[in-house]
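Biologist: Could you take a close look with me at one charged residue, and then carry on to whatever else helps to place it? I would enjoy one connected account.

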Amino acid sequence: MRPFKHRTTYLLGPLSFPIYKPGCIAFTTSIEAKAIQYLPIAFTNSSNNKKLIQIGEDMASLQSSSGVITSLSDSSGRCRRGMTRATMNMPKLRIGGISLKLPARDLVQKVLDMGVGLTAATTSQVEKKYESRTNPNSPSLSSNVSDPMVIAKLHAIMEVVADRVEMHQNIGEQRDSWNSLLLTSINTITLTAAAMAGIAATNVGGPLVALEISSTLMYLAATGMLVVMNKIQPSQLVEEQRNAARLFKQLHGRIQTTLSSGNPTSSDVEEAMEKVLALDKAYPLPLLGAMVDKFPETVKPAVWWPHHGQRQENPSGRTDGNGWSVELEEEMREIVGVLKRKDTEDYLRLGKVALKVNKILAISGPLLTGMAACGTALMGFSHGSWAAILGVVAGAMASVVNTMEHGWQVGMLFEMYRSNAGFFRLMEETIESNLNERDVGRRENGELFEMKVALQLGRSFSGLKNLASASSYSSSRKGEAIINEEFASKLF
């Protein structure tokens, strides 16, 4: 604190005007007294947090018909009493008694204590800042400064992910070209072979051998190409690459968010690497050896995320806090039930239907072209008319079947249904993982998590609550079939 200033009081008749100078304090209480008691105040060093207060108990005032100038000075922290009198011819003014009340001693002590506390607080803050700067092991320093190696690793993973996005996009475009080119080529070959078989059968002098052989060879070539095309399912390959590119872009954005909005740790690096490897396994680039089975025995949701051990429930943990409440947990449980009963189940059912249709078409196309090849080969024998009919009709039907399978992209539909089921399965596992973690401090924030679930399902907060309420009401009706239950997702 700054020391009080010396006070020089000019008394002009009955009026007094205080003037301050460095050193000590003089108080004037009334105009009736004849003496002044000076109040010296000495301050010690603020670091010792001690204050010496010397306050006089007797206060007086001075009454005089002439002005008196009193000057006060100080030496070595104490006041030296000195008085210089000067007489001035001033008219006497008759003014009633004026009293100036002094502040109580307790108020002065409180003001000084506040100064001591402020000094101590400021000193402690400065010491903490100095310690955080000089001590590298300080908690505040370690929590605010990220590891440069972790940041470098995340940037390296980001580069790999960006490269994966470019690769899957390029390969997707290439395989989409395969689908259109192979479809056009095979249909052209098939229809040309059927036309040549028909021309050969209408020859009056007998079938032309050259046309018969050419038609047979073209049907055989179409059969082989159809077998390969139906095996790899180019339209399904294109859908796989689309999904892979989208998911890698999503991962790239999450890594950018981690770098920009927080302090990344080594666990973030491990999680990012696991997600990259899981995506590589779910959507492989090569065709031979690592290609996803296009005709599986059982239809299962696509899985592109790493699996972790299920969290153990902690019965003693809190169920509220961090944005979570008992009502929100019940709401999330009902949403998981709807996803399992309706959305995931429905898309798996549609996937099974698409798989059956694709199998039938994939078998029928090469079978029809093979029959057409046999018919054209037998046109020169005794049953030439029936053989010609078989060659022409089977070839035309093969072209229709091929167009239905690859033109309508049935394989792409199957992959889309499988991916949608995987999307809902991922939502189920994410919600259940948060609910199984009884320590709410380790969960994702409840309000943020509810917003994410609502946006992923294409619903508002009120729509999400209404869905959970309807599901709870339907579940309470035991023994009754749930008819016209609403799907959880509004997007697809």
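Modeller: Glutamate 239 is buried, because its relative accessible area is 9%, and buried here means under 20%, with exposed over 50% and partly exposed in between (1.4 Å probe, protein chains only). Please keep in mind that this is a predicted model, in which local features need pLDDT of at least 70 and side-chain atom pairs count only at pLDDT 80 or more, while totals for chains, interfaces and linings use all residues. Residues are numbered from 1 along each chain as its sequence is written, and side-chain values use heavy atoms, with hydrogens and water left out.

The partner of glutamate 239 is arginine 242: the two form a salt bridge whose closest N and O atoms are 3.0 Å apart. The term stands for a side-chain nitrogen of Lys or Arg within 4 Å of a carboxyl oxygen of Asp or Glu, and this rule gives a count of 17 salt bridges. Arginine 242 and glutamate 239 are separated by about one helical turn, because they are 3 residues apart in helix α5 (residues 234-261). Helices are DSSP runs of H or I with at least four residues, numbered from the N terminus. Unlike its buried partner, arginine 242 is partly exposed, because its relative accessibility is 43%.

Let's step back along the chain. Just after α4, glutamine 233 takes a positive phi of about 50°. Helix α4 itself (residues 209-232) has 24 residues, so at 1.5 Å a residue it should span 34 Å, and the 35 Å between its end C-alpha atoms agrees; the expected span is 1.5 Å times one less than the number of residues. Among the buried residues of α4 are Leu211, Glu212, Tyr219, Leu226 and Ile232. Leucine 220, also placed in helix α4, is partly exposed because its relative accessible area is 49%. Leu220 joins Val209, Ile213 and Leu217 in a nonpolar surface patch of about 390 Å². Patches are made of residues with over 30% relative accessible area and no salt bridge, joining nonpolar side chains (Val, Leu, Ile, Met, Phe, Trp, Tyr) within 5 Å and like charges within 9 Å; the areas come from the Shrake-Rupley method with a 1.4 Å probe, and for residues only the protein chains shown count as cover.

Now back to charged pairs. In helix α9 (residues 410-436), glutamate 415 and arginine 418 again sit 3 residues apart, about one turn of the helix, and their salt bridge has its closest N and O atoms 3.1 Å apart. Glutamate 415 counts as buried because its relative accessibility is 0%. Arginine 418 counts as buried too, because its value is 14%. Salt bridges with shared partners also tie Glu329, Glu330, Arg333, Arg438 and Arg443 into one network. Another pair is glutamate 486 with lysine 490, where the closest N and O atoms are 2.9 Å apart; here glutamate 486 is partly exposed, because its relative accessible area is 36%.

One last nonpolar residue is worth a glance. Leucine 457 lies in the loop between α10 (446-456) and α11 (461-476), and counts as buried because its relative accessible area is 0%. The C-alpha atoms of leucine 457 and phenylalanine 492 are 8.9 Å apart, with the two positions 35 residues apart along the chain.

Terms used: Helix = DSSP H or I, 4+ residues; strand = E, 2+ residues; numbered from the N terminus.
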